[in-house]
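User: I would like to go through this chain and ask what stands behind each label. Please set the values against the cut-offs where a label depends on one.

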Amino acid sequence: MDDMDLLKFAFVWTKENYNAKLKYLASMAMDEDWDYTVNPQQDFPILRNYVRHLFKKLYLENKISYSDNGDFSAFNTGLVTKKHEEIFMLFEKNTKCNVDPEAPEWFFKGFFKESDMEMCVFTEPPKRANFFTNPADLIYDTSKRLVIYYEHIIWDNIARFPEDFQNSLMKTMLLKWAVDMAIKRIERNYKIAVPQYSVADDKIQLLLPICLHQPEKADLALVVSLVEESWNAVYKAFTCLTLDMAINNARLICKPDNEWLKA
């Protein structure tokens with residue numbers, strides 16, 4: 001079942017209960033800002049999306065672990081405590097699923113460290129997700145051609161752009177200038193291009209900062225994919241993301257060390 005979602009897999013109880021569990025997870029993991037910058041919220045939106053999309057990836061990789069007696073399941077959150085202990089999301093068998101075939105098979109039990117007694121039911125600790133096999137995929141190669149579908153990027157995503165850009169008569173020119181500036185920044189510092197994991201495509205893409213107002217302050221993130229053409233490999237850009245959307249995708253791989261995503 002490739003479209004398995006965390007909410008189909010398990011009951012996560014009420015919103016209030018799950019928020020409390022996420023708050024506990026945030027407190028036990030290494031310090032990190034799990035809130036959006038552009039549209040701040042109160043319920044750890046980045047962490048919420050991280051856990052849900054990570055589950056989907058691990059499910060596709062067949063890395064959801066099950067206890068020998070079949071009463072428990074768990075997956076590796078990819079997060080660690082301040083003492084570098086791995087943290088897992090644990091589930092308990094839903095005994096009522098045999099009565100109601102539409103009911104999820106599991107109940108969410110909580111987040112636990114590897115040393116917690118609850119994790120002793122597993123022969124081996126659940127494995128982490130693997131988002132890439134070639135480290136070169138994480139770095140933007142400035143020697144490769146970049147093909148940008150300007151009309152598609154602008155008109156299919158116009159609501160994501162700042163209001164003054166939407167009203168401008170020079171949209172394509174402004175976006176082209178912003179992309180050129182992003183490439184120049186990458187030439188000076190390769191870390192400017194931030195890798196993201198695309199849940200829909202199950203592939204690594206790169207995010208480039210689109211600064212339309214201030215040179216160092218991004219307004220959007222351009223999504224760039226490496227495409228193997230018959231004669232060469234080129235980068236193609238079909239869409240852009242808000243910074244809130246971009247940080248969700250980038251965080252799946254690791255905590256971004258580039259602050260333009262959170263500026």
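User: What makes β10 count as mostly covered?

Analyst: In this predicted model, seven of the nine residues of β10 are buried. Buried means under 20% relative accessible area, so the label rests on those seven residues falling under that cut-off.

User: Why is K236 called buried?

Analyst: K236 belongs to strand β10. Its relative accessibility is 15%, and the cut-off for buried is under 20%, so K236 counts as buried.

User: Which residues does K236 touch, leaving out those up to four places away in sequence?

Analyst: K236 touches L146, V147, Y149, V223, V224, S225, V227 and E229. A touch here means heavy atoms within 4.5 Å. One of these residues, V147, also stands opposite K236 in the pairing with β10.

User: How do you know that β6 and β10 pair, and in which sense do they run?

Analyst: Three bridges join β6 to β10. Pairing needs at least two bridges, so β6 and β10 qualify as a pair. The two strands run parallel.

User: What joins β9 to β10, and how many bridges do they share?

Analyst: A hairpin of four residues links β9 to β10. The two strands pair in the antiparallel sense over eight bridges, and at least two are required. Within this pairing, V223 has T239 of β10 as its bridge partner.

User: What is the strand order of the sheet that holds β10, and which strands are its edges?

Analyst: The order is β6-β10-β9-β8-β7, an open sheet of five strands with mixed pairing. The edge strands are β6 (146–148) and β7, each of which pairs on one side only. On average, neighbouring strands of this sheet are turned by 40° against each other, direction ignored. β8 and β9 are an antiparallel pair with five bridges; there, P209 has A221 of β9 as its bridge partner.

User: Why are β1 and β2 at the edges of the other five-stranded sheet, β1-β5-β4-β3-β2?

Analyst: That open sheet also has mixed pairing. β1 (10–11) and β2 (65–66) each have a single partner strand, so one side of each is left without a neighbour in the sheet. Inside the order, β4 (residues 86–93) and β5 (residues 106–113) are antiparallel and share seven bridges, with W106 of β5 as the bridge partner of K93.

User: What makes helix α7 mostly covered, and what does it pack against?

Analyst: Helix α7 (residues 243–253) has eleven residues, and ten of them are buried. Among them are L243, I247 and L252, together with the charged D244 and R251. The buried residues of α7 pack against α3, β3, β7 (194–198), β8 (203–210), β9 (220–228) and β10 (233–241).

User: How do the helices α7 and α3 lie relative to the strands?

Analyst: α7 lies across β7, β8, β9 and β10, at about 85° to β7. α3 (residues 45–60) lies across β3 (72–80) and β4, at about 125° to β3.

User: What are the totals for the chain?

Analyst: The chain has seven helices and ten strands. Of its 263 residues, 46% are buried. The chain exposes about 14300 Å², with carbon and sulfur atoms supplying 52% of that area. The C-alpha trace spans about 60 × 40 × 40 Å along its principal axes.

Notes: Residues are numbered from 1 along each chain as its sequence is written. This is a predicted model: local features need pLDDT of at least 70, side-chain atom pairs count only at pLDDT 80 or more; totals for chains, interfaces and linings use all residues. Side-chain values use heavy atoms; hydrogens and water are left out. Axes are lines fitted to C-alpha atoms, for helices over the stretch in contact, and angles run from 0 to 180 degrees between N-to-C directions. Buried means under 20% relative accessible area, exposed over 50%, partly exposed in between (1.4 Å probe, protein chains only). Accessible areas come from the Shrake-Rupley method with a 1.4 Å probe; for residues, only the protein chains shown count as cover.
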